[in-house]
Amino acid sequence: MPQTTTFRQTANLLLLDDSEVAGLAMRGIVGRSRNRCVLATTIEAAWALLRELVVIDLVIVEIKLAQQNGADFISQVRADPVFGGIPIVVYTRVQDHSPAAKLRALGIQNYVIQPYHDEVVHAEIAAAGRQRAEHRDIAGLVDRRVAAPGDHARIDRRALPAHHRQRAARRDLRAAPR
């Protein structure tokens, strides 16, 4: 009887937090589940990583940064046509829940108070994975073609999964005349 192999997708996380200790803790938690995590300590570094990396499946944001506000980053990401659909979790040191309603209106996946807990982080990764899988299923049902048959250059990118839209947008940016 042939053996079946199950393939598990690895999630790529971006952590925006100015604390290196938090970054080490998150990398340890994420690494134990065979996922990957990159750390950005500023909003500018987070944008650079979003643009450089192939796929970011989940962004975890600390809203209380030393010189910046994580909520501003969330607003910018949601306004961006390429990265607006990435799931975002706020995982903060701030014990005040008052910003949660405003952030939920921006479409965050969850608002969690630190310290980091393995079970909560893994649940958020799983939720982002389910969202990605649902999006892939919906995109598979949509007719992606908007051009004539044989013209492979034009695809309706709105029907593509988020990570495909990210790649296509980066490819367009590199190809654009300067």
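The following paragraphs describe the aromatic ring contacts in this predicted model.

A pair of aromatic rings is described by the distance of the centres and the angle of the planes. The structure holds two such aromatic pairs. In one of them, tryptophan 47 meets phenylalanine 73 in an edge-to-face arrangement, with 5.7 Å from centre to centre and 70 degrees between the planes. This pair connects distant parts of the chain, 26 residues apart: tryptophan 47 belongs to helix α2 (residues 43-52), and phenylalanine 73 belongs to helix α3 (residues 70-79). Tryptophan 47 has a relative accessible area of 9% and is buried, because the term applies to values under 20%. Phenylalanine 73 is likewise buried, at a relative accessible area of 0%.

Tryptophan 47 also forms an aromatic pair with phenylalanine 83. Here the centres are 6.0 Å apart and the planes stand at 65 degrees; the geometry therefore counts as edge-to-face, since the angle is over 60 degrees. Phenylalanine 83 lies in the loop between α3 and β4 (88-92), whereas tryptophan 47 lies in helix α2, so the pair ties together parts that are 36 residues apart in sequence. The side of this contact contributed by phenylalanine 83 is buried as well, the residue having a relative accessible area of 4%.

Taken together, Trp47, Phe73 and Phe83 form one aromatic cluster. Within this cluster, tryptophan 47 pairs with phenylalanine 73 and with phenylalanine 83.

Conventions:
Residues numbered from 1 in each chain as written. Predicted model: local features only at pLDDT ≥ 70, side-chain atom pairs only at ≥ 80, totals over all residues. Heavy atoms only, no water. Phe/Tyr/Trp six-rings, centres within 6.5 Å; stacked < 30°, edge-to-face > 60°. Helix = DSSP H or I, 4+ residues; strand = E, 2+ residues; numbered from the N terminus. Buried < 20%, exposed > 50% of the residue type's maximum accessible area, 1.4 Å probe, protein only.
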